[in-house]
Amino acid sequence: MSSSPENLTVKVEFSGGLELLFSNKRTHTITLPAHTPSTSTTPTTIRDLVIYLCDELMRDPRRDLFVLDGTVRPGILVLINDADWELEGEDAYEVKNGDSILFVSTLHGG
Amino acid sequence: MAPKPCALCTVNPAAIVRPKDRSALCKPCFFNVFETEIHHTITSTNLFARGERIAIGASGGKDSTVLASVLKTLNERYDYGVELILLSIDEGIKGYRDDSLETVKRNAKEYGMELTILGYKELYGWTMDQVVEQVGKKGNCTYCGVFRRQALDRGAAKLGVKHVVTGHNADDVAETVLMNLLRGDLPRLSRTTSIVTSTPSSVASSSPTDPASHTNIKRSKPLKYAYEKEIVLYALHKNLTYFSTECIYSPEAFRGSARALIKNLERVRPSAILDVVRSGEDMAKLCPGSDEGCGGACGSSTSAIPMAEEEEGGCGSSNGRNAGSEMANMDRQLAQNEAAVENELEVEITFHGRDGTQQKIKKQPKKIKGQAAASVPRKAVTKQVMGKCKKCGYLSSQEVCKACTLLEGLNKNRPKNHIEVGYDAEPENHVRDLAGQVKGLEVGSG
C-alpha cells in the first residue's frame with residue numbers, strides 16, 4: 001500500500017444530493033491519520049472520518065446537513081465497501097486502508 | 001472478520017440490513033424480497049385491473065424511478081396486463097426541473113415507456129420561475145403544490161388515463177401521519193394513509209363518460225409500505241439513475257421537523273416507520289370523516305375510496321399551507337364531524353329512556369380547566385358538496401378552485417408592461433418599474 005502505516009487512504013463518495021456539500025464532487029480520495037487523535041493508538045473510526053470530512057473537505061457551512069450530534073445525520077445511508085454500515089458496527093467501524101465509503105442522502109425529494 | 005451471510009440464501013455475504021425486521025440480506029435476495037413485497041401490496045389491494053392504462057407520476061427522483069423500474073419488472077413477471085406510461089410535470093424551474101426531466105427521458109427510453117411532459121406554463125400560463133418573480137420566495141410552494149396536484153390529473157385526463165401511481169413511500173406516509181397528528185387533523189388521516197385516493201366524479205358530473213374528464217382519476221401509492229432506505233438501496237445496487245437535488249426555491253423544505261423526527265426514530269427503532277403507518281391506518285378507521293375503514297385494503301367501489309385532497313401542501317410537505325387553506329380545512333373538518341354524527345360514529349350516543357323518550361348523551365371533549373377548550377365554535381356548517389370549479393371544471397368544494405383563485409391573484413398583478421410607469425400601481429411597483437427602466441428597459445415575463 002502506498003500510504004504509510006500512520007496514514008490511511010480511502011475512497012469517499014457522496015450521493016443523493018450530499019455531493020452539493022462537498023464542492024459538487026462525487027468521489028474524493030482522501031488520506032487521513034490511522035489513529036485519532038493522531039498521536040494516540042486509538043484506531044480511526046467512521047465517526048472520526050466524518051468529523052475529518054467536515055473539517056477538511058466540506059466547503060459548505062451547512063455542516064448539520066451531514067452531521068448531527070457527532071455522527072452521521074439520520075436519513076443518510078452509509079455503505080462500507082458496498083455493505084450497509086449496520087453490518088459493520090455503524091460509526092464505530094474502524095477504517096481500513098483502501099476502504100471505499102459511500103454516503104447517500106435519502107432526504108432529498110423523489 | 002468474516003462477512004455475515006445472507007439470512008435467506010445463507011450463501012452470499014449480506015449487504016443490506018432491512019429496516020423493518022433488521023434481517024441481513026444479500027443483494028439478489030434483497031431485490032427479490034423488495035419486489036415481492038410490492039407485488040403483494042398490489043395484489044392484496046387489487047390495485048391494478050388487467051387492461052388498465054396507468055400513468056406513473058415521474059419526477060426523475062429516486063422514488064418514481066424505482067417505482068417505474070419495479071412496476072415494469074412486476075408487470076412482466078406476474079403478467080398484470082397493464083400498460084405503463086410516464087407522466088412528468090414541468091414546473092418551469094430552471095436548473096432544477098430541466099435536469100431531472102433529462103433523467104426521466106433517459107428512463108423512458110430505458111424502460112420503453114411512453115413519456116408525456118406537461119408544463120405549468122402550458123397549463124396555467126405561468127412557470128414557477130415567473131410565479132416566484134411575482135410573489136417572492138415566501139408562499140411560492142403553495143402555488144407549486146396546488147398546481148402540481150391538478151397538473152397530474154389534467155395530464156392523466158389528456159392521456160385518457162384513469163389511474164395515476166405516485167412514488168410516495170412509507171417514510172412519506174409516516175411523516176404525513178405525524179404531521180396530521182401534530183396538527184390535530186385526524187379526519188385527514190384516512191386520505192393520507194389510504195393506498196388509493198380518487199378525485200371522485202363530482203355530484204353534478206355532467207359527462208361521466210367523457211374520457212377527458214379529470215374529475216375521476218384514481219391515485220395510488222404502490223410503494224406505501226416500502227422504506228425510503230430500501231428504495232435508495234434498490235436504486236443504488238441496481239444502478240438506476242435518478243436525479244437528486246433540492247428544489248432551488250425550498251432549500252429548507254427537506255428539513256421539515258416531521259421528517260427529522262421520523263429519521264431520528266428510524267435510527268433508534270427502524271420498525272417505527274411502518275408502525276406509524278399502521279397506527280395511522282388504524283386511527284383513520286376510528287376517525288369521524290373516515291371514508292373507509294380498511295386502509296384501502298378492501299372495496300373497489302368508488303364510494304369506498306377516500307377523496308384526494310384538493311389542496312395538498314407544496315413539497316417538503318411541511319410548508320406551503322397558508323392561512324386560507326387552514327381555514328378551508330377547518331371548515332371541512334367541521335363538516336366531516338357533522339357527517340360523523342349522521343353516521344353515528346361516536347360523538348353522540350342515543351338511547352331510549354324508560355318512559356320512551358329519546359335521551360341523548362353528548363360526548364363532549366374533556367374541558368381543560370381555565371382554558372377555552374371549546375372556544376373553537378362547533379358551528380353548524382353546510383355539508384361539503386364537491387362540485388366543479390366554475391372556471392376550469394376541476395373538482396372543488398368551492399365555487400372557484402384553489403388553482404384558479406391563485407391564478408386570478410397572479411394575473412391581476414401581472415405587470416402588463418415594464419416600460420409603462422403604472423399610474424394606478426402600488427408604490428413598490430413604481431419602484432420596480434423604475435428599477436426595470438434603469439436596467440435598460442428589460443421586457444419582463446413574457
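A salt bridge, as the term is used here, is a side-chain nitrogen of Lys or Arg within 4 Å of a carboxyl oxygen of Asp or Glu. The legends below belong to close-up views of a predicted model.

**View 1. A salt bridge links Glu86(A) to Lys229(B).** Let us start with a charged pair that spans the two chains. The closest N and O atoms of Glu86(A) and Lys229(B) are 2.8 Å apart, and the pair counts as a salt bridge because that distance falls within 4 Å. In total, the rule finds three salt bridges across the interface of chain B and chain A. The rule for polar contacts finds nine residue pairs across this interface, with both residues at pLDDT 80 or more. On the chain B side, the elements that give two or more residues are strand 1 (16–17), helix 2, helix 9 (228–237) and helix 10 (257–268). Which of them gives the most? Helix 9 of chain B does, with six residues.

**View 2. Chain B and chain A meet over a shared surface that buries about 2500 Å².** The size of an interface is often given as the accessible area lost when the parts come together. Carbon and sulfur atoms account for 56% of the area buried between chain B and chain A. If you count residues instead, 30 from chain B are in contact with 29 from chain A. How do the residues on the side of chain B that touches chain A divide? There are 11 nonpolar, seven polar and 12 charged residues on that side.

**View 3. Lys263(B), in helix 10 of chain B, touches residues of both chains.** Setting aside residues up to four places away in sequence, Lys263(B) touches Pro74(A), Gly75(A), Thr106(A) and Leu107(A) in chain A, and Asp171(B) and Glu228(B) in chain B. Is Lys263(B) buried or exposed? With a relative accessible area of 3%, Lys263(B) is buried, because the cut-off for that class is under 20%. Glu175(B) is worth finding in this view as well: Lys263(B) and Glu175(B) are 88 residues apart in sequence, and their C-alpha atoms are 9.5 Å apart in space.

**View 4. Ser69(B) sits in helix 2 (residues 62–77) of chain B and is buried.** The relative accessible area of Ser69(B) is 8%. What is Ser69(B) in contact with, once its neighbours within four places in sequence are left aside? The contacts are Tyr111(B), Tyr234(B) and Leu240(B).

**View 5. Cys9(B), Cys26(B) and Cys29(B) are shown with their sulfur distances.** Why is there no bond between Cys9(B) and Cys26(B)? The closest cysteine sulfur to that of Cys9(B) belongs to Cys26(B), but at 3.7 Å it is too far for a bond. Cys29(B) also has its closest cysteine sulfur in Cys26(B), at 3.6 Å, and this too is too far for a bond. Both distances miss the cut-off, because a disulfide needs sulfur atoms within 2.5 Å. Over all chains, the count of disulfides comes to zero by this rule. As for accessibility, Cys9(B) is partly exposed at 24%, whereas Cys29(B) is buried at 14%.

**View 6. Chain A has one helix and seven strands.** Following chain A along the sequence, you will meet the pattern β-β-α-β-β-β-β-β. Of its 110 residues, 52% count as buried. Among contacts in chain A between residues at least 6 apart in sequence, 56% join residues at least 24 apart. Where does Pro37(A) lie? Pro37(A) is in the loop between strand 2 (27–33) and helix 1 (46–57), and a cis peptide bond joins it to Thr36(A), with omega about -10°.

**View 7. Asp69(A) and Asn239(B) each have a positive phi in a residue other than glycine.** For Asp69(A), phi is near 55°, and the residue lies in the loop between strand 3 (67–68) and strand 4 (71–72) of chain A. Asp69(A) is exposed, at 78% relative accessibility. For Asn239(B), phi is also near 55°; its place is the loop between helix 9 and helix 10 of chain B. Asn239(B) is exposed as well, with a relative accessible area of 66%.

Definitions and conventions
Residues are numbered from 1 along each chain as its sequence is written. Chains are lettered from A and ligands numbered from 1 in the order in which they are written. This is a predicted model: local features need pLDDT of at least 70, side-chain atom pairs count only at pLDDT 80 or more; totals for chains, interfaces and linings use all residues. Side-chain values use heavy atoms; hydrogens and water are left out. Helices (H or I, at least four residues) and strands (E, at least two) are DSSP runs, numbered from the N terminus. Buried means under 20% relative accessible area, exposed over 50%, partly exposed in between (1.4 Å probe, protein chains only). Contact means heavy atoms within 4.5 Å. Buried area is the accessible area (1.4 Å probe) that two parts lose on being put together, summed over both. A polar contact is a pair of N or O atoms within 3.5 Å; within protein, one must be able to donate a hydrogen and the other to accept it, and residues adjacent in sequence count only if both atoms are side-chain atoms. Ala, Val, Leu, Ile, Met, Phe, Trp, Tyr, Cys and Pro count as nonpolar, Asp, Glu, Lys and Arg as charged, and the others, Gly among them, as polar.
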